[in-house]
Amino acid sequence: SCLVRRWWGGLLLLVASSAVAAVATAPVCLWSFGRASIAGLWVNPIVVPLLGSMTLPPLLAGAIISPVWPTVGALLLILASWPARLGTALVEAAAQPRWCPELIGSLSGTETLAVYVAGTVIAAILVFRTER
């Protein structure tokens, strides 16, 4: 029960951080490209753990061991490439137009700056209100 609660809490945190990242980067994407994808909302909770927990450890170990023991280092790097390829394939699949809704529009540089200034002011107000 505690493990299930912790697992759901971790999943909710991952989804919430994906949502925050999407909202935080949308203005600059709209300014730069005239569109912003929201596919990260469902792709990140799958791909981030896959790449972080399954790719990074063997990748780092392989990079450290390779100069001393090249054969083992190479095997670890190959092992790291498998989940990395799967994560890349998932991201590419999610980027297909039918799976990847986008916000389409454009913002000027001034509008983009105004959005970030307003967001910073709102965040500062919320932080200062909760500290009291």
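Q: Which residues in H4 are buried?
A: In this predicted model, where residues are numbered from 1 along each chain as its sequence is written, local features need pLDDT of at least 70, side-chain atom pairs count only at pLDDT 80 or more, and totals for chains, interfaces and linings use all residues. Side-chain values use heavy atoms, with hydrogens and water left out. The buried residues of H4 are Gly73, Leu76, Ala80, Ser81, Pro83, Gly87 and Ala94. "Buried" means under 20% relative accessible area, "exposed" over 50%, and "partly exposed" in between, with a 1.4 Å probe and protein chains only. Their cover includes helix H2 (40–54) and helix H3 (56–65).

Q: How do you know that the span of helix H4 agrees with its 25 residues?
A: The expected span is 1.5 Å times one less than the number of residues. For residues 70–94 that should be 36 Å, and the end C-alpha atoms are 36 Å apart, so the two agree.

Q: What makes a stretch of the chain count as a helix or a strand?
A: Both are DSSP runs, numbered from the N terminus: helices are H or I with at least four residues, strands are E with at least two. The protein has 5 helices and 2 strands, in the order α-β-α-α-α-β-α from the N terminus on.

Q: Why is Thr112 called buried?
A: Its relative accessible area is 5%, which is under the 20% cut-off, so Thr112 counts as buried. Thr112 sits in helix H5 (residues 109–131). Contact means heavy atoms within 4.5 Å; setting aside neighbours within four places in sequence, Thr112 is in contact with Pro27, Val28, Trp31 and Leu107.

Q: Why does Ser17 count as partly exposed?
A: Ser17 has 39% relative accessibility, which falls between 20% and 50%, so partly exposed is the right name. Ser17 belongs to helix H1 (residues 2–33). The C-alpha atoms of Ser17 and Asn44 are 9.2 Å apart, with the two positions 27 residues apart along the chain.

Q: What is the radius of gyration of the protein, set against a compact globule of 132 residues?
A: The radius is taken over C-alpha atoms, and the globule rule is 2.2 Å times the number of residues to the power 0.38. A compact globule would come out near 14 Å, but the protein has 20 Å. Its C-alpha atoms fill a box of roughly 55 × 40 × 30 Å along the principal axes.
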